[in-house]
Amino acid sequence: KLGGLKPGVGLVVDLGQVVSVSTVKLQLVGSPTAVQIMVPSGDPAQATAPPMTSVKKWTTVASNSAAGTSVTLKTASPIKTRYVLVYLTSLPKVGATSYRGAIAEIEVAS
């Protein structure tokens, strides 16, 4: 749970243009990992830049609380957006007191 220091850590993916997103496939290192797929709040298709000041400016559209090393997350319906945040909220244990999560591959599809 990131030591209670912050709610999560993530990676913003810029798709280059507004596209329809319905599936995000991830290859993760270690398991279990709690992961969320987020898009900018409001109308994500209108975002001209990713909102980087707070995770509260993002909306969760898919999640898995105990993903393995390969997971496919699907949105309830396709979402038009340019920016996708892959957000890890709980990391796998790698030692007696250490935790580490990693994203090896991301595939975004409509």
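Is Asp14 buried, partly exposed or exposed? Asp14 is partly exposed, with a relative accessible area of 42%; buried means under 20%, exposed over 50% and partly exposed in between, with a 1.4 Å probe and protein chains only. The tour returns to this residue below.

**Before selecting**

The model is predicted: local features need pLDDT of at least 70, side-chain atom pairs count only at pLDDT 80 or more, and totals for chains, interfaces and linings use all residues. Residues are numbered from 1 along each chain as its sequence is written, and side-chain values use heavy atoms, with hydrogens and water left out.

**The whole chain**

Display the entire chain as a cartoon. Five strands and zero helices appear, in the order β-β-β-β-β along the sequence. Strands (E, at least two residues) and helices (H or I, at least four) are DSSP runs, numbered from the N terminus. Along its principal axes the C-alpha trace spans about 45 × 25 × 20 Å. Of the 110 residues, 33% are buried. Contacts, meaning heavy atoms within 4.5 Å, can also be considered here: among those with a separation of 6 or more, 78% join residues 24 or more positions apart.

**Strands S1 and S4**

Select Asp14 together with Arg82. These residues form a salt bridge, with the closest N and O atoms 2.7 Å apart; the term denotes a side-chain nitrogen of Lys or Arg within 4 Å of a carboxyl oxygen of Asp or Glu. Because Arg82 belongs to strand S4 (residues 70–90) and Asp14 to strand S1 (residues 9–29), the pair ties together parts that are 68 residues apart in sequence. Arg82, like its partner, is partly exposed, and its relative accessible area is 27%. The structure holds one salt bridge. Side chains of opposite charge can pair when their charged atoms come close.

**The loop after S1**

Next, select Ser31 and Pro32. The peptide bond from Ser31 to Pro32 is cis, with omega near 0 degrees. Pro32 sits in the loop between S1 and strand S2 (33–40). Most peptide bonds are trans.

**Strand S5**

Finally, select Ile103, which lies in strand S5 (residues 102–109). Which residues does Ile103 contact, leaving aside its neighbours within four places in sequence? They are Leu11, Gln27, Leu28, Val86 and Leu88. Ile103 counts as partly exposed, at 26% relative accessibility. Add Ala76 to the selection: the C-alpha atoms of Ile103 and Ala76 are separated by 23 Å, and the two residues are 27 residues apart along the chain.
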